[in-house]
Amino acid sequence: MMMRVPYIAGRWVRGRDHYGRRRPINHLLNVDAPAIWIVGTRRMGKTSLLRQIELETDRLDSDMVPLFWDLQGCESFDDLSYELFLALEDVADRFHALGVDVESMENKDAVAILRRLNRALSERNKRLIVLIDEAETLINIGRQDPKWVGRLRAGFNDNRQRTVVTSTKLLSLLNDTSESKDMPFLYGFSMVNLWSLDPGASMALVRQTQNQYSVNVDDLLMEQILTNTNRHPYLLQYLCQRLFVADSECSGYLRPIEEHDLKANHLLSGFFDIDFQHLTQLERRIMLAVGSMTVATDHDLIQAMAPESPDRIRLFAYGLDKLGYLRKTFGQWALGNEYLRGWLEGNFDRLSQGGKALLDDNNIEILLQIGRQNELTYLHQEVLRLQTRLRTLLTQQVNGNANDMRTVNREIHQLQNALKMVKQEISLIPPEESSLTHSIPEK
């Protein structure tokens with residue numbers, strides 16, 4: 001019997017199959033905000049992130065109690081309420097242990113269920129963390145019943161509860177369905193972009209270091225895999241599935257990449273089509289401009305987009321980078337990964353013909369400004385955290401008072417690399433034109 005393919009593409013993962021995301025998980029668990037909106041393209045690992053948070057907070061010593069709520073398929077507020085009860089019923093033992101009468105929640109609406117849970121958990125000095133997947137469903141429900149969705153929004157901003165919502169940026173359309181235009185749904189949410197895995201986590205995933213048996217990958221091939229996928233979690237697993245060769249029951253390796261391995265199949269092409277539809281007109285123009293040049297400096301891109309404002313182009317290019325549509329290497333812009341490049345090249349004429357965009361440039365510009373501010377705040381906090389930990393370890397190193405100096409030296413090296421990476425991320429964020437709040441603001 002040969003070693004099975006260890007890579008998982010197309011379904012959510014957690015535990016030992018979940019790699020990286022340590023930094024965003026820590027941020028989501030510790031940020032001083034009741035409601036967080038995680039924005040990512042399809043197959044970016046949004047569901048896996050929620051499931052990993054559920055796993056990590058589902059323990060007796062946690063001050064948070066997780067509840068995963070999948071909205072996929074819901075068509076009305078009654079559907080939302082029923083799915084919330086089913087989600088609660090699936091993990092009834094988790095809540096029964098805290099004195100929550102789950103059965104009494106049946107036939108209650110979602111707002112009432114959340115209120116009861118918050119009240120019961122507060123009495124135990126616990127906090128509910130609601131993990132909401134496929135939130136785009138709320139758009140149509142909001143159009144049908146804005147009053148109920150408005151009440152749900154108020155519940156999400158209850159300080160007794162932490163709400164983490166994942167979706168594509170299409171969810172921004174929900175602001176237009178609000179019962180009151182002075183209270184758009186996403187105002188008050190802290191916004192977090194979900195993009196590629198960091199290099200260390202990506203290499204660990206490729207080599208399957210958390211699995212029972214690791215995979216042999218030489219350094220040159222590793223570099224090619226990370227470059228062609230741009231560390232996109234789905235594409236990493238997709239490509240590695242193609243390259244994997246089992247050579248015994250407990251060992252395997254990755255073969256060299258061939259040209260056909262980097263061609264998008266029908267499923268991937270469908271994802272790219274949907275992702276392109278979720279772009280504004282300006283974002284589409286920027287992507288097509290970069291695609292036509294293969295690589296482009298800021299100057300090249302600004303010239304190609306004239307007479308559009310250079311500051312606006314930099315901001316939108318930054319947003320496309322954060323969601324993986326573009327990447328910047330050696331000071332030049334390129335398309336996000338090799339699969340996307342090949343797909344856009346093969347569909348360039350069709351995509352250039354345009355078509356009405358679902359999302360408005362001006363609305364997305366506001367979200368990009370807010371996302372930039374949130375990211376800068378978070379990254380500066382991360383620098384302070386890493387520096388504080390590094391100073392502690394350097395003191396131990398100098399004084400020689402650590403039990404295992406090899407472990408200390410290894411962590412110092414890891415922290416120095418992490419600091420370098422965070423500072424590099426800060427340097428790539430375009431400067432702000434004005435001062436904005438750290439979350440999507442209340443009007």
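Biologist: Which residues gather in a patch of negative charge on the surface?
Modeller: Patches are built from residues with over 30% relative accessible area and no salt bridge, joining like charges within 9 Å and nonpolar side chains (Val, Leu, Ile, Met, Phe, Trp, Tyr) within 5 Å. Asp and Glu count as negative and Lys and Arg as positive, while His and the chain ends are not counted. Each charge is placed at NZ of Lys, CZ of Arg, CG of Asp or CD of Glu. On that basis, the negative patch on the surface gathers E89, D90, D101, E103 and E106.

Biologist: Before we go on, what pLDDT do local features need?
Modeller: Residues are numbered from 1 along each chain as its sequence is written, and side-chain values use heavy atoms, with hydrogens and water left out. This is a predicted model: totals for chains, interfaces and linings use all residues, side-chain atom pairs count only at pLDDT 80 or more, and local features need pLDDT of at least 70.

Biologist: Back to the patch, what relative accessibility does D101 have?
Modeller: Areas come from the Shrake-Rupley method with a 1.4 Å probe, and for residues only the protein chains shown count as cover. Buried means under 20% relative accessible area, exposed over 50%, and partly exposed in between. D101 sits in the loop between α4 (92–96) and α5, where helices (H or I, at least four residues) and strands (E, at least two) are DSSP runs numbered from the N terminus. D101 counts as partly exposed because its relative accessibility is 43%.

Biologist: And the positive patch: which element gives the largest share?
Modeller: K108, R115, R116, R119, K147 and R151 make up that surface patch. Two or more of its residues come from each of α5 (110–122) and α7 (146–156). K147 belongs to α7 and is exposed, at 53% relative accessibility. The largest share, 3 residues, is from α5.

Biologist: How many salt bridges does a search of the whole structure find?
Modeller: The test is simple: a side-chain nitrogen of Lys or Arg within 4 Å of a carboxyl oxygen of Asp or Glu. Some of these pairs join up, as in the network linking R14, R51, E54, D58 and R94. Over the whole structure, the search gives 22.

Biologist: How many residues apart in sequence are the parts tied together by D219 and R207?
Modeller: The closest N and O atoms of this salt bridge are 3.1 Å apart. D219 is exposed at 61% relative accessibility, whereas R207 is partly exposed at 22%. D219 is in helix α9 (residues 219–229) and R207 in helix α8 (residues 199–207), so the parts they tie together are separated in sequence by 12 residues.

Biologist: D261 and R255 form a salt bridge too; are they buried or exposed?
Modeller: Their side chains meet at 2.8 Å, N to O. As for cover, D261 and R255 are both buried.

Biologist: Where is K328, the partner of D298?
Modeller: The D298 and K328 side chains form a salt bridge at 3.0 Å, N to O. D298 is partly exposed at 26%, and K328 is partly exposed at 27%. The pair links distant parts of the chain, 30 residues apart, with D298 in helix α13 (residues 298–304) and K328 in strand β9 (residues 326–329).

Biologist: Which residues does L368 touch, beyond four places in sequence?
Modeller: L368 is in helix α17 (residues 361–399) and counts as buried because its relative accessibility is 9%. N193 is 175 residues away in sequence, yet 9.9 Å away C-alpha to C-alpha. With contact meaning heavy atoms within 4.5 Å, L368 touches L315, F316, Y318 and G319.

Biologist: How about S62, what is in contact with it beyond four places in sequence?
Modeller: S62 lies in the loop between α2 (46–57) and β2 (64–70). At a relative accessible area of 5%, S62 is buried. Its contacts are T57 and K126.

Biologist: Any odd backbone: what is omega of the cis peptide bond?
Modeller: P307 is in the loop between α13 and α14 (310–322). The cis bond joins A306 and P307, with omega about 10°.

Biologist: And what is phi of F330?
Modeller: F330 is in the loop between β9 and β10 (332–335) and is exposed, at 85% relative accessible area. For a residue other than glycine, F330 has a positive phi, near 55°.

Technical notes:
Buried means under 20% relative accessible area, exposed over 50%, partly exposed in between (1.4 Å probe, protein chains only).
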